[in-house]
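Colleague: Hi! I'm new to reading structures, could you walk me through one?
Modeller: Happy to, let's put it up and take your questions as they come.

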Amino acid sequence: MASQKASAAKAGAYDWPAIIKDLLGTAFVSLLIMVPIVAYKSVITQYSLVLVSRWTEVFVILALLLGVRLFMHLFVWNRAPSPVAADAKPAGPAKASLSERIGPWVFPLLVAVAFALPFLAGFERRPIDLGIYILTYVMLAWGLNIVVGLAGLLDLGYVAFYAVGAYAYALLSTVYFPYWFGDGMVPWAFYITLPIAGLLAALWGVILGFPVLRLRGDYLAIVTLAFGEIIRLVLINWFDFTNGPQGITVPKATFFGLPFKAGDDGFAAFFGIEHNRIHYYVFLYYVILLLALLTYFVTNRLRRLPIGRAWEALREDEIACRSLGINTTNTKLTAFAIGAMFGGFAGCFFATRQGFVSPESFVFIESAIILAIVVLGGLGSQIGIVFAAIAIMGSFELFRELSVFQEYLPEGTDPVHFRMLAVGLAMVLMMRFRPRGFVTRRQPTVFLKERKAVSGDLVKEGHG
Amino acid sequence: MEYFLQQLINGITLGSIYGLIAIGYTMVYGIIGMINFAHGDVFMVGSVAAFLVVLGIGLTGGSGILMILLALVLVAAVAMVVAAAYNWTIERLAYKPLRGSFRLAPLISAIGMSIVLQEFVRVNQEGRPKPVQPIVTGGYEIMRRATEAGEFIVRLTNMQILIIVSTLILMAVFTILIQKTSLGRAQRACEQDQKMAALLGIDVDRTISITFIMGAALAAFAGLMFFLYYGVTDFFVGFLAGIKAFTAAVLGGIGSLPGAMLGGLVIGLIETMWSAYFTVEYKDVAAFTVLIIVLIFMPQGLLGKPEVEKV
């Protein structure tokens with residue numbers, strides 16, 4: 001097929017029968033896809049369900065699709081492979097050295113911007129909220145990255161550990177601490193619970209990790225998905241323990257015992273500044289920033305330890321790994337446990353930021369979003385994850401803004417719904433065109449004589 | 001006893017639906033070794049398409065039996081063709097370019113596609129559940145006995161008969177298709193050795209596409225039945241049904257067609273019996289637990305062949 005097209009291009013003529021056949025096929029399939037579901041919309045009126053037909057939209061979309069396809073046929077697909085493309089490869093090293101020079105500066109720059117953000121934003125509520133939101137997902141994705149990106153174990157139930165952390169804080173601070181130690185402990189609950197939440201989540205990581213040790217790839221992914229759903233269903237149904245779907249209202253965090261309130265014993269009074277509600281959000285922002293940085297540095301250090309190298313070896317080829325004497329059991333368990341621990345920290349933070357936890361926050365789609373961030377960042381790349389999180393979470397906010405354009409869209413279309421559609425599409429496109437993420441270079445941490453950056457595209461992962 | 005009989009009937013009905021979906025998982029896994037995570041959502045597309053056609057032709061329970069049956073055949077045909085078009089397109093766009101990519105790529109792509117399908121339907125049809133008045137009504141009394149609590153009647157509804165009988169017919173047609181036709185032979189050949197099959201003149205890409213189309217058609221039929229049985233459908237029904245059907249496929253032995261049907265029945269029965277004798281709230285937990293136990297302790301399933309790991 002490809003060679004036919006190339007020869008047609010050389011002759012300077014288009015293979016019209018083939019193009020028309022292809023266009024007709026495209027039209028047929030896209031009509032099948034669109035006719036019932038796009039062309040007819042069911043609308044609930046006062047008395048009954050009625051169908052509203054939307055053929056105009058169908059034909060507009062169809063015309064667009066065919067136009068694009070015709071354009072591709074005429075100008076892109078029939079072009080003979082250009083000699084320039086073949087020569088493009090050797091130009092790689094020059095580009096690599098440029099990114100090598102910039103590379104080390106990217107992360108410090110990001111951290112500096114992150115630390116300055118509340119000041120840059122002029123202590124406005126919205127940008128700080130957005131920053132908290134994005135950083136939470138950066139941290140979650142860094143945690144999941146340990147399991148998926150480094151150890152190569154696809155975990156679809158990561159949100160379960162997030163839930164464990166959140167509920168650990170909620171239950172300890174509202175039920176158990178007042179019961180065990182009295183109300184005096186509650187202002188400190190966040191600081192005491194944070195490590196406990198991490199440990200509990202890590203424990204659950206090991207509990208999940210043990211049975212799935214012998215599973216790999218797809219089966220492992222499905223089991224973790226089932227595990228995540230079980231945790232959520234138990235949270236919904238175990239009413240006595242978790243208060244079920246109604247959720248739990250949790251106390252706010254304090255600044256080392258100083259509550260953020262207007263009174264004399266509050267944070268503002270202690271530091272002699274005027275009380276402002278924004279203080280609390282700035283405080284939360286720095287807490288999540290520090291937690292995220294902790295995740296980053298711990299992961300980075302771990303990568304240089306034998307355990308981190310074992311993770312990456314496991315990702316590349318499990319059988320080779322085992323034959324080299326690496327204990328795959330411990331390797332997998334530590335990956336699960338440490339990944340889960342950071343999920344637990346993030347969950348604890350999430351509970352205090354929301355002031356409320358309910359099982360609704362821990363649905364599968366959350367796991368999918370975190371996974372999408374890791375995938376878009378390029379499995380294993382920590383900097384990539386930051387940009388992916390900003391892109392995805394930022395675009396979510398952008399879609400929210402889009403509701404301004406509501407009147408230009410077809411009636412009854414809510415732009416907010418398009419955001420998950422975009423995330424799903426992004427995952428598919430990413431796997432198809434840049435399966436290694438946008439930052440595709442792999443920096444080896446051990447090297448013989450010189451450090452060579454290998455393009456991720458050149459590394460083929462083992463099928464073990 | 002009567003209570004058990006009733007649950008048995010309900011369980012078999014539910015199991016038939018799961019079995020039909022499970023076949024799509026098992027065939028795709030058999031032939032290209034990937035979990036089509038979006039298969040549950042193809043089932044959902046089939047059920048929403050069926051709903052739209054039912055609403056479009058104004059089918060209600062009031063029409064004559066013959067009319068209803070004819071109309072249902074039409075609805076089923078439309079839903080199956082539409083779902084087949086979806087699955088074919090998904091395979092073309094999201095899976096085919098990834099053959100030979102790294103191990104997790106197709107699964108991640110499939111998860112993305114699953115989200116795309118759900119949100120696509122939600123954007124186009126709104127998120128609210130779509131209810132419809134019962135269309136196939138009536139039924140038979142099988143057993144009746146007076147108990148202390150009153151009279152207990154075991155019922156077999158016409159809807160249940162329709163589901164079980166049509167599943168049997170579809171399964172028979174499908175088995176003949178796989179066992180006796182050249183298409184089925186090509187599929188079995190590709191399942192065993194794609195390279196060899198290609199050398200012997202089988203168009204492997206085409207065979208894989210047809211596998212996706214067949215799986216989608218069966219799932220769409222299950223979607224229609226699901227929607228008629230429960231009287232409601234929405235954009236999210238594919239998630240749970242998909243996972244349960246996948247459990248069924250693994251339980252039966254992934255890659256094995258009779259296994260998928262058997263697994264479907266077992267999962268349907270477990271779910272029904274669990275709701276009947278234990279707690280309704282935890283029925284999904286039961287299904288998920290079965291999934292985990294099966295995957296961990298008997299990944300080859302009831303009728304499957306143990307997988308040998310090759311370097």
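Colleague: How far apart do the C-alpha centres of domain 1 and domain 2 of chain A lie?
Modeller: Those two centres lie 41 Å apart. Keep in mind that this is a predicted model.

Colleague: Where do the two domains of chain A begin and end?
Modeller: According to the domain assignment, domain 1 covers 2-76 and domain 2 covers 105-425.

Colleague: OK, and how many helices and strands does chain A have?
Modeller: Chain A has 18 helices and six strands. It is 464 residues in length, and buried residues make up 37% of them.

Colleague: What about contacts inside chain A, what share is between residues 24 or more positions apart?
Modeller: Counting contacts with a separation of 6 or more, 73% in chain A are between residues at least that far along the chain, meaning 24 or more positions apart.

Colleague: Let's zoom in on some strands. How do β1(A) and β2(A) run relative to each other, parallel or antiparallel?
Modeller: They run antiparallel, and five bridges join them. The pair forms a hairpin, with four residues between the strands. For one bridge you can look up yourself, find A:Val43, whose partner in β2(A) is A:Val50.

Colleague: Is β2(A) enclosed or in the open, and why?
Modeller: It lies largely in the open, because the number of buried residues among its five is zero.

Colleague: Which hairpin could I look at in chain B?
Modeller: Try β2(B) and β3(B), which form a hairpin with two residues between them. Strand β2 of chain B takes in residues 139-147, and strand β3 takes in residues 150-157. These strands run antiparallel and are joined by eight bridges. As an example, B:Tyr140 has B:Leu156 as its bridge partner in β3(B).

Colleague: Why does β2(B) count as lying largely in the open?
Modeller: Of its nine residues, the number buried is zero, so β2(B) lies largely in the open.

Colleague: Now a helix, please. How many residues does α8(B) have, and how far does it reach?
Modeller: Helix α8 of chain B, residues 204-230, has 27 residues and reaches 39 Å from its first C-alpha to its last. That is close to the 39 Å expected at 1.5 Å a residue.

Colleague: And is that helix enclosed or open?
Modeller: α8(B) is largely enclosed by the rest of the structure, because 21 of its 27 residues are buried. Just after the helix comes B:Gly231, with a positive phi of about 75 degrees.

Colleague: Which residue other than glycine has a positive phi?
Modeller: A:Asn243 is one, with phi near 65 degrees. You'll find A:Asn243 in the loop between α10 (239-242) and β3 (248-249) of chain A. A:Asn243 counts as partly exposed because it has 19 C-beta neighbours inside 10 Å, while buried would take 20 or more.

Colleague: Changing topic, how many residues does each chain give to the contact?
Modeller: Chain A gives 47 residues and chain B gives 53 residues. On the side of chain A that touches chain B, the largest share comes from α9(A), with 13 residues. By class, that side of chain A has 35 nonpolar, seven polar and five charged residues.

Colleague: Last one, what are the model's confidence scores?
Modeller: The model scores ipTM 0.87 and pTM 0.87. For chain B, the mean pLDDT is 88, and 98% of its residues reach 70 or more.

Terms used. Residues numbered from 1 in each chain as written. Chains lettered and ligands numbered in written order. Predicted model: local features only at pLDDT ≥ 70, side-chain atom pairs only at ≥ 80, totals over all residues. Contact = placed C-beta atoms within 7 Å. Nonpolar A, V, L, I, M, F, W, Y, C, P; charged D, E, K, R; others polar. Buried ≥ 20, exposed ≤ 12 C-beta atoms within 10 Å, placed from the backbone. pLDDT = per-residue confidence, 0-100. Pairing = 2+ DSSP bridges. Expected span 1.5 Å × (residues − 1). Domains from an automatic or database assignment.
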